[in-house]
Amino acid sequence: MNEDLSGSLYMTPTVFEERPAIAAYTERVPMVREAARLRVGTELCRAYGYCYEPSQVPSYLDLWEHMDWQGDGFRIPAGEKVSRLGDYGANDFFSSISACRFAYSIFEHVDYRGNEYMLNAPCSLSYLAGMGWNDKISSVINWGPAGPPW
Ligand SMILES: [Ca+2]
C-alpha cells in the first residue's frame, strides 16, 4: 500500500469475465460510480458468493480482529463513522468483516485518508489479507440508508 496520501488508491470490488476482481482508481469519483453500478443482486454477488439479501443482514457493520469473524469485534451503527480506530485500541487491527446491509468504506489512514475500499453489497469478507487490507484499517464509514454521495 502506498503511504503517500497524495497517491491514494480508491478500490471497489467488480467483476471481470464473471470472476471477482478489484477495480482500483487514482480518483475517487469513478470508484464511487463503479460501486454504485454493482449493486445488490447483480453479477457482483454471484461472482463473490458470501452475499445475502439485504434484509437478511444487519444495518450495523461489524469488524473483527481475526479471520472468519473471530476475536474482538467492533460495531459501527448505520450512518455512523469512526475517524480514529486507534481511539478504541483498534488501529491496524481488523482481519475480517461481517456482511452489512449498507455500503461502507474502510480507509488505510485516520480521518478517512489514504487508500479507500468501498463495498456496496451485503457480502461478508472472511479474510482481508486476500485484498491487501489485513491489519491496515484506521478509519471507517458505514454509509447507512442514505448511502455514499453517489
Ligand atoms: Ca492504517
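## Strands that pair

Two strands count as paired when DSSP finds at least two bridges between them. With that in hand, we can look at Leu63, which stands opposite Ile97 in β6. The model you have in front of you is a predicted one.

Leu63 and Ile97 sit in a pairing of strand β3 (residues 61-66) with β6, which is antiparallel and has two bridges. These two strands belong to an open sheet of three strands, in the order β4-β3-β6, again with antiparallel pairing. At the edges are β4 (70-76) and β6 (96-97), each of which pairs on one side only. As background, strands of a sheet pair through backbone hydrogen bonds, either parallel or antiparallel.

## The overall picture

Let us step back to the whole protein chain. It holds two helices and nine strands. Reading from the N terminus, the elements follow the order β-β-α-α-β-β-β-β-β-β-β.

How does the radius of gyration of the protein chain fit that of a compact globule? For 150 residues, such a globule would have a value near 15 Å, and the chain has 14 Å, so the two agree. Along the principal axes, the C-alpha atoms fill a box of roughly 40 × 35 × 30 Å. Of the 150 residues, 37% are buried. Among contacts with a separation of 6 or more, 72% link residues that lie 24 or more positions apart.

For a sense of distance, try Asp87 and Val32. They are separated by 55 residues in sequence and by 28 Å in space, C-alpha to C-alpha. Asp87 lies in the loop between β5 and β6 and counts as exposed because it has 10 C-beta neighbours inside 10 Å, whereas Val32 is one of the buried residues of α1.

## Two hairpins

Near the start of the element order come strands β1 (residues 10-16) and β2 (residues 19-25), which pair in the antiparallel sense over seven bridges. One position to look for is Pro13, whose bridge partner in β2 is Ile22. The two strands form a hairpin with two residues between them, and Glu17 in the turn has a positive phi of about 50 degrees.

A second hairpin is made by β7 and β8, this time with three residues between the strands; here Asp111 in the turn has a positive phi of about 60 degrees. Strand β8 (residues 113-119) is joined to β7 by five bridges and runs antiparallel to it. Within this pair, Ser105 stands opposite Met118 in β8.

## Strand β7 and its surroundings

Strand β7 also has β9 (residues 139-142) as a partner, with four bridges in the antiparallel sense. Phe107, for instance, has Ser139 of β9 as its bridge partner.

Why is β7 (residues 104-109) described as largely enclosed by the rest of the structure? Five of its six residues are buried.

## The nonpolar core

The largest nonpolar core has 36 residues, and Tyr104, Ile137 and Val140 touch the most other members. At least two residues of this core come from each of β1, α1 (28-37), α2 (43-48), β3, β7, β8 and β9.

Ile137 is a nice place to start exploring. Beyond its neighbours within four places in sequence, Ile137 is in contact with Leu63, Leu85, Phe94, Ile106 and Phe107. Two of these names have come up already: Leu63 stands opposite Ile97, and Phe107 is bridged to Ser139.

## The two sides of α1

Which residues of α1 are buried? They are Met31, Val32 and Ala35. These residues cover an arc of only 95 degrees around the axis, so they lie on the same side of α1. The buried residues of α1 pack against β1, β2 and β8, while Val29 and Arg33, on the other side of α1, are exposed.

## Positive phi in two loops

Most residues other than glycine have a negative phi. Asp92 has a positive one, near 50 degrees, and is found in the loop between β5 (81-82) and β6. Is Asp92 buried or exposed? Asp92 counts as exposed because 12 C-beta neighbours lie inside 10 Å, and a residue with 12 or fewer is classed that way.

Asp135 also has a positive phi, of about 55 degrees, although it is not a glycine. Its place is the loop between β8 and β9. Asp135 is exposed, with 12 other C-beta atoms within 10 Å.

Notes
Residues are numbered from 1 along each chain as its sequence is written. This is a predicted model: local features need pLDDT of at least 70, side-chain atom pairs count only at pLDDT 80 or more; totals for chains, interfaces and linings use all residues. The radius of gyration is taken over C-alpha atoms; the globule rule is 2.2 Å times the number of residues to the power 0.38. A residue is buried if 20 or more other C-beta atoms lie within 10 Å of its own, exposed if 12 or fewer, and partly exposed in between; C-beta atoms are placed from the backbone. Two residues are in contact if their C-beta atoms, placed from the backbone, lie within 7 Å. A nonpolar core is a set of buried Ala, Val, Leu, Ile, Met, Phe, Trp, Tyr and Cys residues joined through C-beta atoms within 7 Å. The arc is that of the directions from the helix axis to the C-beta atoms.
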